[in-house]
Amino acid sequence: MSFRTGLLSLAATGIALAVAAGAAPASAQESVKIGLILPMTGGQASTGKQIDNAVKLYMQQKGDTVAGRKIEIILKDDGAVPDNTKRIAQELIVNEKVNFIAGFGVTPAALAAAPLATQGKIPQIVMAAGTSIITERSPYIVRTSFTLAQSSTIIGDWAARNGIKKVATLTSDYAPGNDALNFFKQNFTAGGGEIVEEVKVPLANPDFAPFLQRMKDAKPDAVFVFVPAGQGGNFMKQYAERGLDKSGIRVIGPGDVMDDDLLNNMGDAALGTVTAHHYSAAHPSAMNKEFVAAYKKAYGNRPGFMAVSGYDGIHMIYEALKKTGGKTDGDALVAAMKGMKWESPRGPISIDPETRDIVQNIYIRKVEKVDGELYNVEFATFEAVKDSGKTKK
Amino acid sequence: MTAQDDVGYHARQQARWRLSEVAFWVLVLACALLFPSRYLIMTDILRLALFALSLDLILGYAGVVSLGHAAFFGIGAYSAGLLALHGIVPEPVLALFVAGLIATVVGFLTSFLVIRGVDLTRLMVTLGIALLLEALAERFSNITGGSDGLQGIEMQPILGLFAFDMFGKVGFFYCLTVLFILFLLARRIVHSPFGLSLRAIRNNPLRAAAIGIPVNRRLIAIYTLSAFYAGIAGALFTQTTALASLDVFSFEKSADLMLVLVIGGTGYLYGGLIGAVVFKMLQEIFQTITPQYWLFWIGLVLVVIVLVGRPRMHRWALWLPNLVIRRFAGRKAVVAVPERDGP
Amino acid sequence: MTTLFTILFDGVAYGMLLFVLACGLAVTLGLMNFVNLAHGAFAMTGGYVCAVLVNQSGWPFFAALPLAFVVSAAIGVALERSLYRHLYTRSHLDQVLFSVGLVFMSVAAVDYIMGSSRIFIRLPAALEGQIDFFGVGIGRYRLMIIVICGLLTLALQLVLARTRFGSRLRAAVDDPRAASGLGINVPQVFAFTFAFGCGLAGLGGALSAEILGLDPYFPLKFMIYFLIVVTVGGSSSITGPFMASLLLGIGDVAGKYYVPKMGPFVIYTIMIVILIWRPNGLFGRTAAR
């Protein structure tokens with residue numbers, strides 16, 4: 001028994017030392033600190049990496065000083081678990097005295113941090129999570145990614161107008177999936193379309209086979225799909241395997257399924273898929289070509305829509321600091337961001353002064369082969385789309 | 001001295017508070033006062049410690065393995081969250097107790113499924129129960145908020161006096177108090193004749209049954225108690241973070257818990273506490289160094305712990321204290337004895 | 001009616017896949033009594049080896065499959081000789097701690113080397129699409145899985161039941177002491193068996209990329225499925241896990257098709273009910289070891 005008692009006191013000393021070592025020293029006030037909270041591990045890790053890469057790329061290109069103040073990024077991994085997000089955000093605000101919190105890979109994580117942003121009067125830049133309600137949870141939240149309502153309503157309208165009468169839906173069963181489904185349904189049925197089959201698949205879902213068989217049996221004109229980034233590839237492969245492409249059933253959906261990150265590996269089955277989204281690596285603008293080239297050079301693969309959200313997020317922070325002359329008062333910064341307009345690799349975008357949500361062009365794209373690689377080629381544009389999740393109210 | 005007296009004497013000897021135990025708690029309290037900026041992570045550690053304590057009760061003392069202890073944690077967490085959200089029991093301490101009781105009821109009901117079978121069966125049955133509950137919580141998203149979790153929980157001040165603050169100070173002392181009270185209770189229980197009978201069951205269920213211990217009833221009792229502890233830990237989680245999401249039921253939660261307890265050692269109550277500290281600090285340190293690949297280093301530490309072996313590590317860890325004791329106290333040094341492992 | 005057959009077919013393919021992935025674990029856990037939660041890491045290794053060979057070095061898919069087996073088996077035997085064998089006598093909890101540590105390391109290492117995005121293996125055109133067989137849609141890829149896994153299962157059964165090695169293995173498992181007394185090199189038999197299990201997992205990993213998806217978190221995501229197969233099947237023979245895999249595969253696919261709203265309930269409920277009914281698995285030996 002005695003060795004344990006020794007061990008006990010030792011452990012207690014250990015706690016003391018370890019906690020002391022973990023405690024961060026209060027640092028000088030000169031630099032502007034940005035707490036970047038992202039899922040760097042776990043199923044959402046690729047989202048976190050893209051955003052982190054894009055932020056690093058931007059800072060390499062534009063330098064790490066703005067309005068006379070140095071920018072310091074503190075990257076933290078929350079594994080997309082909301083209570084981690086909340087604790088990390090709280091510690092960053094209380095101990096590190098960060099001036100911004102940014103990132104947020106999934107909706108629950110963004111929601112968990114919202115009350116802290118309000119309490120601490122700290123701008124919260126949402127760079128990934130796409131559920132409509134997020135920006136309503138705190139007056140300090142500004143979003144540079146997208147909302148599912150934006151792309152889903154557009155594809156709903158487009159489908160109804162382009163001869164698609166019957167649609168079967170396959171969506172992941174969580175908040176963004178339900179958002180996508182509801183907004184699509186609303187616009188598609190308003191345009192005279194009919195939903196013939198509605199399947200919600202569990203979030204952690206290895207095999208799409210049974211759900212796809214249901215799709216096939218329903219014999220729709222098209223399948224509307226929303227699955228989280230990453231699962232899209234498996235979906236497309238099995239869609240082709242089941243011969244749905246041959247039986248003339250098209251795939252439509254918000255662009256998450258055809259993420260540029262994965263698209264090229266999906267194989268020819270993906271050809272002809274029509275999606276609505278805010279960003280394609282094939283967006284024909286000089287700025288985007290430069291962005292894609294720089295990103296490819298630095299990290300060896302194509303940027304996806306998450307990367308561009310991170311790129312725009314850090315850009316917005318830079319611009320807001322320029323406007324306030326380097327002052328980091330939360331209210332002033334949010335005021336500076338409201339109504340801000342700029343040219344992004346995805347096209348012209350702005351921040352809605354009322355909802356602090358992003359206003360952007362939504363493009364209808366079709367998967368085509370360009371120089372032997374698969375790309376989402378844009379063929380129609382809906383300009384300056386607001387988040388209809390909020391404008392409807 | 002009769003045999004009965006003998007047993008009683010030894011039991012009482014075992015149950016005495018040792019100096020190092022007092023030192024441990026004093027140091028914990030000292031930490032609370034020394035590092036006011038680290039309340040949040042320390043609160044996290046305390047909750048995990050309480051949760052690990054609850055697993056230690058069944059694993060370390062009764063030899064029942066569980067890979068689904070998050071089930072009760074989750075029940076406690078969602079109960080506390082719903083109680084606060086709908087204002088059913090607005091006062092946190094009372095809500096904590098109610099949430100614990102709900103977990104207890106679930107624990108009692110599921111205990112009948114768990115006491116059957118061998119280790120592997122138990123692992124999978126407990127895991128299955130936790131996963132089923134997770135699926136249920138996802139299905140009834142109108143009650144639980146589904147994958148978004150319970151949103152908008154606002155906690156009332158504790159006993160109407162202490163409001164939860166941004167720095168986590170109140171939350172920390174709240175958790176510390178609860179942990180300490182429940183620890184005392186657990187200590188009392190494991191040193192009681194009831195606790196001794198559990199150890200007999202762990203060491204050899206057949207023999208325990210032969211000397212007249214009602215094995216199944218004892219196992220049900222301790223499993224239920226353990227569910228109560230886990231429920232309290234879950235409720236503390238919700239109350240101090242104002243969050244409850246599906247992760248509370250997840251496999252990772254149960255698996256991490258198992259790691260924590262095995263790192264700290266089973267069957268002496270402090271194992272969970274020490275394991276929680278070590279695990280969380282390792283995680284925190286590695287995450288600060290490399291936010292992307294910290295998992296690798298944690299894994300490496302686990303592998304090394306096992307390969308080196310705990311007894312040898314204890315010897316190394318005690319080398320310095322032993323030296324000091326020999327030098328200054330002049331008495332015989334503390335010797336490491338091989339630790340008794342769980343089943 | 002044809003749909004029913006398609007569902008059955010998909011379920012069988014899915015189950016076969018699970019079997020190949022998990023049967024190595026059934027051997028280490030059931031026969032050698034070692035809790036190797038790192039089993040999925042070997043499957044992931046095989047998957048990535050195959051993906052790199054096919055996508056980057058331009059190997060044909062069918063040539064890369066055996067190599068996935070060989071590489072995983074080689075890594076398996078290296079780890080067995082250097083690390084695992086010291087832990088056979090340790091408590092289960094230590095084994096859990098150790099193998100989970102290995103999983104964490106493999107996850108982070110693969111993430112570091114290959115990135116965290118999901119990857120796919122480029123398939124030959126012959127494996128894409130479906131064959132229409134009297135109105136029943138049969139996926140070519142799934143058909144291939146059934147053929148490969150079916151042959152493997154038969155071979156395994158034969159090796160275990162009919163060959164000298166099989167009887168040595170069974171002897172070594174039943175009583176290692178007596179077996180080594182009879183001149184059987186027990187450590188060698190164990191090492192070989194372990195490596196073979198890892199190789200099978202690697203092959204399964206390569207085959208499953210198409211259906212389950214392959215990313216660095218594969219070993220953690222599917223650990224539960226492997227465990228379910230082994231516990232439900234019991235560990236007395238290959239037959240148990242095989243039947244359990246089929247049951248799980250068909251149950252999962254049919255459950256999702258006919259009652260998609262019940263989602264994961266089907267599998268977990270089946271598992272709990274079976275384990276309550278037969279605590280040692282469907283084909284478990286009565287005396288628990």
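Here are some exercises on the predicted model above, each with a worked solution.

Residues are numbered from 1 along each chain as its sequence is written, while chains are lettered from A and ligands numbered from 1 in the order in which they are written. Because the model is predicted, local features need pLDDT of at least 70 and side-chain atom pairs count only at pLDDT 80 or more, whereas totals for chains, interfaces and linings use all residues.

**Exercise 1. Confidence**

Find the mean pLDDT of chain A and of chain C, and work out which element of chain A has the lowest value.

Step 1. Recall that pLDDT is the predictor's confidence in each residue, from 0 to 100. Chain A averages 85, with 90% of its residues scoring at least 70. For chain C the mean is 86, and 97% of its residues reach 70 or more.

Step 2. Go through the elements of chain A; helices (H or I, at least four residues) and strands (E, at least two) are DSSP runs, numbered from the N terminus. Helix α1 (residues 2-22) has the lowest mean pLDDT, 51, and strand β5 (residues 124-126) has the highest, 94.

Step 3. Look at residues 19-29 of chain A, where the pLDDT is below 50. Beyond near neighbours in sequence, this stretch has 15 contacts in the model, two residues being in contact if their C-beta atoms, placed from the backbone, lie within 7 Å. Where pLDDT is low, the predicted coordinates should not be read in detail.

Step 4. For the complex, the predictor gives an ipTM of 0.86 and a pTM of 0.87.

**Exercise 2. Where chain B meets chain C**

Describe the side of chain B that touches chain C: how many residues, which elements and what classes?

Step 1. Count the residues: 32 of chain B are in contact with 35 of chain C.

Step 2. Name the elements of chain B that give two or more residues to this side: α6 (119-139), α12 (251-264) and α14 (294-308).

Step 3. Sort the chain B residues by class: 24 are nonpolar, five polar and three charged. Here Ala, Val, Leu, Ile, Met, Phe, Trp, Tyr, Cys and Pro count as nonpolar, Asp, Glu, Lys and Arg as charged, and the others, Gly among them, as polar.

**Exercise 3. Two helices of chain B**

Describe how α5(B) and α6(B) cross, and which residues meet.

Step 1. Take the axes, which are lines fitted to C-alpha atoms, for helices over the stretch in contact, with angles from 0 to 180 degrees between N-to-C directions. The axes of α5 (residues 92-114) and α6 of chain B come within 10 Å and cross at roughly 145°.

Step 2. List the residues: B:T110, B:L113 and B:V114 in α5(B) meet B:R122, B:V125, B:T126 and B:I129 in α6(B). By class, this contact has four nonpolar, two polar and one charged residues.

**Exercise 4. A helix of chain C and a glycine**

Decide how α4(C) is placed, and what surrounds C:G204.

Step 1. Check the span of α4(C) (residues 92-114): its 23 residues reach 32 Å from first C-alpha to last, close to the 33 Å expected. The expected span is 1.5 Å times one less than the number of residues.

Step 2. Count buried residues, meaning those with 20 or more other C-beta atoms within 10 Å of their own (exposed is 12 or fewer, partly exposed in between; C-beta atoms are placed from the backbone). In α4(C), 18 of the 23 residues are buried, so this helix is largely enclosed by the rest of the structure. Just after α4(C), C:G115 takes a positive phi of about 85°.

Step 3. Turn to C:G204 in helix α8 (residues 186-212) of chain C. C:G204 is buried, with 33 other C-beta atoms within 10 Å. Not counting residues up to four places away in sequence, C:G204 touches C:L17, C:V20, C:L21 and C:A43. C:F19 is 185 residues from C:G204 in sequence, yet their C-alpha atoms are 8.5 Å apart.

**Exercise 5. Positive phi in two loops**

Are A:K219 and B:L269 buried, exposed or partly exposed?

Step 1. Place A:K219 in the loop between α7 (209-218) and β9 (222-226) of chain A. Its phi is near 50°, a positive value in a residue other than glycine. With 13 other C-beta atoms within 10 Å, A:K219 is partly exposed.

Step 2. Place B:L269 in the loop between α12 and α13 (270-289) of chain B. Its phi is positive too, about 65°, although B:L269 is not a glycine. B:L269 counts as buried, with 20 C-beta neighbours inside 10 Å.

Terms used. Left-handed = near helix turned anticlockwise from the far one by under 90°.
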